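Dear colleague,

I am passing on a structure that I would like you to look over before you set anything up with it. The model itself comes directly below, and my notes come after it.

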Protein chains: 2
Amino acid sequence: MCALRMPQADGRLPLYARLRDQLASRIANGEWSPGDTIPSENRLAEEYGVALATMRMALKQLVDEGLLERRRGTGTFVKQPAFRADLFRFFHVYDADDPDGSVIPESRILSRHEVETPDEVRLAFGESNTTRCLKLERVRLWSGEPMLFEEVYLRLPDFEGLLALDPKDMGPLLYPVFLQEFGILITSATDELSFGTATQASARHLELPANSPVAVIERIARDPVGRIIEYRRVHGRPERFRYRVTLGEQHA
Amino acid sequence: MCALRMPQADGRLPLYARLRDQLASRIANGEWSPGDTIPSENRLAEEYGVALATMRMALKQLVDEGLLERRRGTGTFVKQPAFRADLFRFFHVYDADDPDGSVIPESRILSRHEVETPDEVRLAFGESNTTRCLKLERVRLWSGEPMLFEEVYLRLPDFEGLLALDPKDMGPLLYPVFLQEFGILITSATDELSFGTATQASARHLELPANSPVAVIERIARDPVGRIIEYRRVHGRPERFRYRVTLGEQHA
DNA sequence: GTCAACCAGTTCTCTAGAGAACTAGACTTA
DNA sequence: TAAGTCTAGTTCTCTAGAGAACTGGTTGAC
């Protein structure tokens with residue numbers, strides 16, 4: 001706690017940002033589970049020994065990021081994970097037959113290995129990268145049918161331990177794993193959508209003929225400092241593909 | 001100004017939200033132009049007779065919405081309009097040959113008239129709507145070639161005056177017009193992307209064969225209170241279509 | 001038993017202000 | 001001229017607290 005009180009004399013993040021990260025890990029740790037009421041802003045401010053407004057700044061950020069939900073007169077709650085993590089934490093890809101997007105897709109990890117960083121990925125990562133990185137291939141299925149094929153590239157010194165992890169422990173969403181296992185919090189991401197043709201690999205896993213048209217999502221995800229953590233290329237079956245995103249204040 | 005000081009005893013928005021709207025109109029009015037430095041938070045707080053923190057809340061929202069940019073030690077600036085208004089204010093559609101998305105598309109309004117509200121639009125608008133609405137058709141061109149065909153539906157009592165407006169006065173972007181002419185500020189929007197086939201109209205205006213595959217964007221845009229202001233359906237040529245969106249903190 | 005009134009606890013709005021971090025420009029000094 | 005120093009002005013961080021708005025439960029009157 002004492003370390004938190006120090007002003008950011010060193011190159012550290014400001015107090016409210018460190019509080020935000022602290023609270024995020026308490027969620028990732030499982031100390032507070034989805035649906036739980038977390039302590040009131042008063043109690044939290046007291047517990048960490050900070051001013052109320054400072055704690056509110058930290059909480060506000062977590063609300064903006066979709067981890068928490070606050071209800072006046074009632075309390076602060078951890079959001080249900082369905083649409084707040086991984087692809088869904090920021091954006092929303094879903095099946096055309098499921099207009100609410102309430103079905104959580106099944107997730108199958110196909111492979112994980114260290115590879116030479118492809119040129120287009122290196123370009124996205126920027127100069128400050130190594131020549132090798134981790135590649136993870138995955139398929140997402142809606143009611144048994146393959147809908148998305150994902151190739152995920154991760155920085156290598158940081159994610160070394162991922163190869164040792166049992167896929168069974170990982171669940172359908174990646175970003176909670178990043179936080180829990182490696183202490184890396186994703187707070188911003190850019191998606192770029194376009195249309196292209198399937199590669200050999202994506203055609204095979206999506207059960208499409210070669211060179212079929214597919215939806216393409218390219219994602220760059222960053223941590224709070226702006227460091228690029230992940231580059232992801234997603235191919236999706238076009239006929240049932242839906243992608244939804246809301247900017248600005250969220251309304252029911 | 002006095003009206004601003006009143007607590008929201010009536011059903012009004014909180015003070016900081018009204019300040020945000022006030023500042024937004026001063027930008028829309030042209031009192032502050034893109035690139036300008038606006039008065040310091042101290043001066044603004046004094047001018048409106050509110051506390052510094054309250055003014056900061058208003059400014060923060062406008063920064064989040066992309067209207068303003070703040071630089072510590074320097075000041076607060078009105079952002080260049082290219083990527084902060086209309087389709088671009090929230091999202092980013094651009095040409096595949098123009099990776100920065102720096103080219104501003106030409107905009108041609110094809111028609112404006114009152115129509116019976118189509119069923120799918122009524123569904124989006126929700127129950128609280130009239131049976132008639134305003135429809136606006138438009139084409140966007142990148143370097144002379146048609147890329148997007150837009151059908152925009154607007155609430156009718158609110159936008160009655162739009163029919164009288166000269167298209168020459170409207171410029172390439174709609175939301176500034178909404179604010180300037182009708183006092184309506186768009187603060188949130190949801191886009192939904194999918195793939196479909198061209199309609200007769202969209203095929204004609206995009207110069208595509210009938211039933212060609214197209215990219216489809218459906219948008220619902222809301223005002224600060226959450227009222228649905230606009231429903232928009234966009235068809236785009238798929239081969240050069242790119243759509244970009246960033247959530248979370250913006251990094252260079 | 002039902003309904004209204006009250007109450008404790010929560011988040012939200014707004015105020016007031018101090019000091020740190022940072023920038024651009026003016027000024028000084030070698 | 002060039003380089004360093006200072007200063008006024010800006011945003012950013014953090015503190016302290018009061019009152020409003022709202023919720024869920026308890027209490028009390030009838």
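The notes below take up the two DNA strands in turn, then a sheet in chain B, and then the cysteines.

This is a predicted model, in which local features need pLDDT of at least 70 and side-chain atom pairs count only at pLDDT 80 or more, while totals for chains, interfaces and linings use all residues. Residues are numbered from 1 along each chain as its sequence is written, chains are lettered from A and ligands numbered from 1 in the order in which they are written, and side-chain values use heavy atoms, with hydrogens and water left out.

Around DNA strand D there are 22 residues, of which A:Leu15, A:Ala51, A:Thr54, B:Arg56 and B:Thr76 come nearest; a residue is near a strand if one of its heavy atoms lies within 4 Å of it. Of the strand D atoms within 4 Å of the protein, 78% belong to sugar or phosphate and the rest to bases. Among the polar contacts (pairs of N or O atoms within 3.5 Å), a phosphate oxygen of strand D is 2.9 Å from a polar backbone atom of A:Ala51, and a sugar or linking oxygen is 3.0 Å from an N or O atom in the side chain of A:Arg72.

For DNA strand C, the nearest of the 22 surrounding residues are A:Arg56, A:Thr76, B:Leu15, B:Ala51 and B:Thr54, and sugar and phosphate account for 77% of the strand C atoms that come within 4 Å of the protein. A phosphate oxygen of strand C is 3.1 Å from a polar backbone atom of A:Glu41, whereas the side chain of B:Arg72 has an N or O atom 3.1 Å from a sugar or linking oxygen of strand C.

In chain B, three strands (DSSP runs of E, at least two residues, numbered from the N terminus) form an open antiparallel sheet in the order β1-β3-β2, where strands pair if DSSP finds at least two bridges between them. Its edge strands, each pairing on one side only, are β1 (37-38) and β2 of chain B. The antiparallel pairing of β1(B) with β3(B) runs over two bridges, and B:Ile38 has B:Thr76 in β3(B) as its bridge partner.

Finally, the structure holds zero disulfides over all chains, a disulfide being a pair of cysteine sulfur atoms within 2.5 Å. A:Cys133 counts as buried because its relative accessibility is 2%, and B:Cys133 likewise counts as buried, at 1%; buried means under 20% relative accessible area, with a 1.4 Å probe and protein chains only.

With best regards

Definitions and conventions:
A polar contact is a pair of N or O atoms within 3.5 Å; within protein, one must be able to donate a hydrogen and the other to accept it, and residues adjacent in sequence count only if both atoms are side-chain atoms. Helices (H or I, at least four residues) and strands (E, at least two) are DSSP runs, numbered from the N terminus. Buried means under 20% relative accessible area, exposed over 50%, partly exposed in between (1.4 Å probe, protein chains only).
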